[in-house]
Amino acid sequence: MSTPQIFVSLQKVGRKFKPSAAFERLANLADPMAYDQLYAESVNAPEKFWGRQAKEHLVWRKPFKQVLEWKPPHVQWFLGGKLNVSENCLDRHLGTARENKAAIIFEGEPGDVRTITYKQLHFHVCRLAHILENTGIKSGDRIAIYLPMIPEAVIAMLACARVGAVHTVIFGGFSAEAIKDRINDCQAKLVITADGGWRRGKVIELKANVDRAVEGTPTVQTVLVVKRCGNEVRMVEGRDVWWKEAWEGAPNRHDAKAFDAEHPLFILYTSGSTGKPKGVLHTSAGYLLGAKLSAHYIFDLKETDRYFCSADIGWITGHSYVVYGLLSNGSTVFLYEGAPNQPEPDRFWSMIDRHGLTILYTAPTAIRAFMRWGDNYVLRHRLDSLRLLGSVGEPINPEAWMWYHTMIGKKKCPIVDTWWQTETGSIMISPLPGITPTKPGSATLPFFGILPKVVDEKGEEVPRNSGGKLAIMQPWPSMLRTLWGDDDRFKQAYFSEFPGKPGVYFTGDGARQDEDGYFWIVGRIDDVLNVSGHRIGTAEIESALVSHAAVAEAAAVGRPDELKGQSLVVFVTLKSTHTASDELKEALRAHVGKEIGSLAKPDTIRFAAGLPKTRSGKIMRRLLKELATSGEIKGDTTTLEDFSVISALKSDEE
Ligand code: WT7
């Protein structure tokens, strides 16, 4: 007998959406038979598949001798091969029709616009590569990047890659303390920052944060400062250098060295459920191949596309699907510096129309904010340049999916709901837009070379339509290689979940596969509740609540309960058109009962003006759980975006 189900997944399956004939006709891959064949080869003969893709898609200086070496939990791809990642994103396009194509179209929050062609981007990166080398940076040295979403962020990443330095990008919303911890963990020698960045009409003082951070970072020797806002900064003699001054005289050609396929490319810190952030390490060739191939097929990239990803460069989405995956494909990337509601909540739609953007990749939390701000902001704009939409970061609730589909995509743009993680490096589960019929709320099917399964506690596959843990059964090129400086934690966190199965990667997520094999991700396993012996994903309850007309956003958490194991507490923010009342509480309970079943009816509903979120927009359920359980929040709040939310929550105690 198999072990009991990890949770019961009850969400009702809605409609299916087929790619339109018009989209299908031009898609990079539209033949389901060809797709089936290619997918089968990719998982049954991965070395053959990936070896061929690596030769086709990457520019090698020295060919690899061996495709894969897998000694769980450690993997190496394309052994013996040498390449330069920045050359793969830039030099390869020079001397081709792409040379004078826009690589980056940038719009700052105040409205300033810059266009940088591939040739110009190459000049910039070469210059910075010289500056880094002249400062004494050697291959393997770590460099911290703490910048707004401006072209210099892309230039900095590519210049690091060019000289073999390992970048760690720190999101511009992080505090001095967070910068210090990250720099000390990876022992960075150099920091690249700016005087400030624009956010909601104000200057975020980045340099001042770096100043405070580097007081406690003995390894930092140089701070390179971009002038963005013109705010006053303190320059420390002998340590701080203006980017522009370093620039003068630096040559705009640079002979890039070739590095091993497994040369470290970057470290990106991501939060674990407990303890200090984990320094996820990605290396060169495998990572780049994963990012490039997935971007090509999943975004169905065309030479004429203008692609907009709203994620900050400080997150993995910005690494893989602003920089590496897009520039290696020779695409035009649109970068926006600021807030989506500056000066008004239609900023994205206005930019899409003004720049003729064709692809939008954003997060469900943003989509729900747009819904809340109201349709009128969208309806002012045409949005007829868009041809494809993407979603990433959390399960997208079907209501938000439908709104995205109708209001933004005008029912003609396929939506790719892409499941992946910082650790996976590139998209793992997603529709292929010319092939896969989509179901709102499901990330659908695995990408080439990815073999995910829904398994029980022992790592055995569970039957269709039962909930379990999402595991990846075999290695893929863009997977993390280790956690920086903590290989034990790497093994513990990702490769120790299933006894006797040391090569199976545990994602930490719960999922279910439906009768068509489609994956429904229910969020982190830690967010799974056990109510009266029934395990339910918080995401499902939240999705049910958000489908009610009054609800803008919801978070569900468990509170220990003698009778039921856990009782279900939900925090709800209402749309501005509705007001809190006991009647509404009852209506919401009934609504969840109807959508999921009585067992999922919340025991307690609390209305809140806002929910505590990380700077990347993830609801911090851990804090809500603490509040629901003890009435207080004592846990770590360093990644919280807005502290006032917490005091407001406490004061509207029932
Ligand atoms: C976790 C990874 C991958 C870039 C952004 C987040 C959740 C991500 C989806 C999706 C359902 C999703 C998972 C995953 N997640 N995308 N399409 N559907 N859940 O990166 O911070 O490393 O978070 O985000 O829980 O494990 P991250």
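# A walk through the model, starting at the ligand

Select Thr-422 and look at its side chain: one of its N or O atoms sits 2.6 Å from an oxygen atom of the ligand. Keep in mind as you go that this is a predicted model.

**Stop 1: the ligand and its shell**

Stay where you are and add Gln-421, whose side chain also brings an N or O atom to an oxygen of the ligand, here at 2.8 Å. Then show the backbone of Thr-418, where an N or O atom lies 2.8 Å from a ligand nitrogen. How much of the ligand's accessible area does the protein cover? Taken on its own, the ligand has 560 Å² of accessible area, and the protein covers 89% of that.

Now widen the selection to the whole shell. There are 16 residues around the ligand, and the ones that come nearest are Asp-417, Thr-418, Gln-421, Thr-422 and Asp-509. Colour the shell by residue class and you get 6 nonpolar, 5 polar and 5 charged residues. Switch to cartoon to see where they come from: helix α11 (316–327) and strands β20 (415–418) and β25 (519–524) each supply at least two residues of the shell.

**Stop 2: just before β20**

From β20, step back along the chain to Lys-411, which is in the loop between α15 (398–408) and β20. Check its backbone torsions: phi is positive, about 65°, although Lys-411 is not a glycine. Is Lys-411 buried or exposed? It counts as exposed, because its relative accessibility is 59% and the cut-off for exposed is over 50%.

**Stop 3: another positive phi, then a covered helix**

Jump to Arg-200, in the loop between β9 (197–199) and β10 (202–204). Here too a residue other than glycine has a positive phi, this one near 50°. Arg-200 has 44% relative accessibility, so it counts as partly exposed.

On the other side of β9, pick Gly-196, in the loop between β8 (190–194) and β9. This glycine is buried, with a relative accessible area of 0%. If you like distance labels, draw one from Gly-196 to Ala-102: the pair is 94 residues apart in sequence, and the C-alpha atoms are 26 Å apart.

Next, select helix α8 (residues 206–214), which is mostly covered, with 7 of its 9 residues buried. The buried set is Leu-206, Lys-207, Asn-209, Val-210, Asp-211, Ala-213 and Val-214.

**Stop 4: a helix with a buried face**

Go to α19 (residues 621–630) and show Arg-621, Leu-623, Leu-624, Leu-627 and Ala-628, which are buried. Turn the view so that you look down the helix axis. These buried residues fall within an arc of 160°, so they line one face of α19. A little helix geometry helps in reading that view: an α-helix has 3.6 residues a turn, so residues three or four places apart point the same way. Just past the end of α19, click on Gly-631, which takes a positive phi of about 80°.

**Stop 5: two cis peptide bonds**

Which peptide bonds to proline are worth a click here? One runs from Pro-72 to Pro-73 and is cis, with omega near 0°. Pro-73 is in the loop between β1 (66–71) and β2 (74–79). Another runs from Gln-342 to Pro-343, also cis, with omega near -5°. To find Pro-343, look in the loop between β17 (332–336) and α12 (347–355).

**Stop 6: the cysteines**

How many disulfides does the model have? The count comes to 0. Take Cys-89: the nearest cysteine sulfur is that of Cys-126, 13 Å away, and Cys-89 is in no disulfide. Cys-89 is buried, with a relative accessible area of 0%. Cys-309 is in no disulfide either, and its nearest cysteine sulfur, that of Cys-89, is 15 Å away. With a relative accessible area of 2%, Cys-309 is buried. For scale, the two sulfur atoms of a disulfide would have to be within 2.5 Å.

**Last stop: Tyr-39**

Finish in helix α2 (residues 32–44), where you will find Tyr-39. Tyr-39 counts as buried, because its relative accessibility is 16% and the cut-off for buried is under 20%. Draw one more distance, from Tyr-39 to Ile-472: they are 433 residues apart in sequence and 15 Å apart in space, C-alpha to C-alpha.

Note on methods: Residues are numbered from 1 along each chain as its sequence is written. This is a predicted model: local features need pLDDT of at least 70, side-chain atom pairs count only at pLDDT 80 or more; totals for chains, interfaces and linings use all residues. Side-chain values use heavy atoms; hydrogens and water are left out. A residue is near a molecule or strand if one of its heavy atoms lies within 4 Å of it. A polar contact is a pair of N or O atoms within 3.5 Å; within protein, one must be able to donate a hydrogen and the other to accept it, and residues adjacent in sequence count only if both atoms are side-chain atoms. Accessible areas come from the Shrake-Rupley method with a 1.4 Å probe; for residues, only the protein chains shown count as cover. Helices (H or I, at least four residues) and strands (E, at least two) are DSSP runs, numbered from the N terminus. Ala, Val, Leu, Ile, Met, Phe, Trp, Tyr, Cys and Pro count as nonpolar, Asp, Glu, Lys and Arg as charged, and the others, Gly among them, as polar. Buried means under 20% relative accessible area, exposed over 50%, partly exposed in between (1.4 Å probe, protein chains only). The arc is that of the directions from the helix axis to the C-beta atoms.
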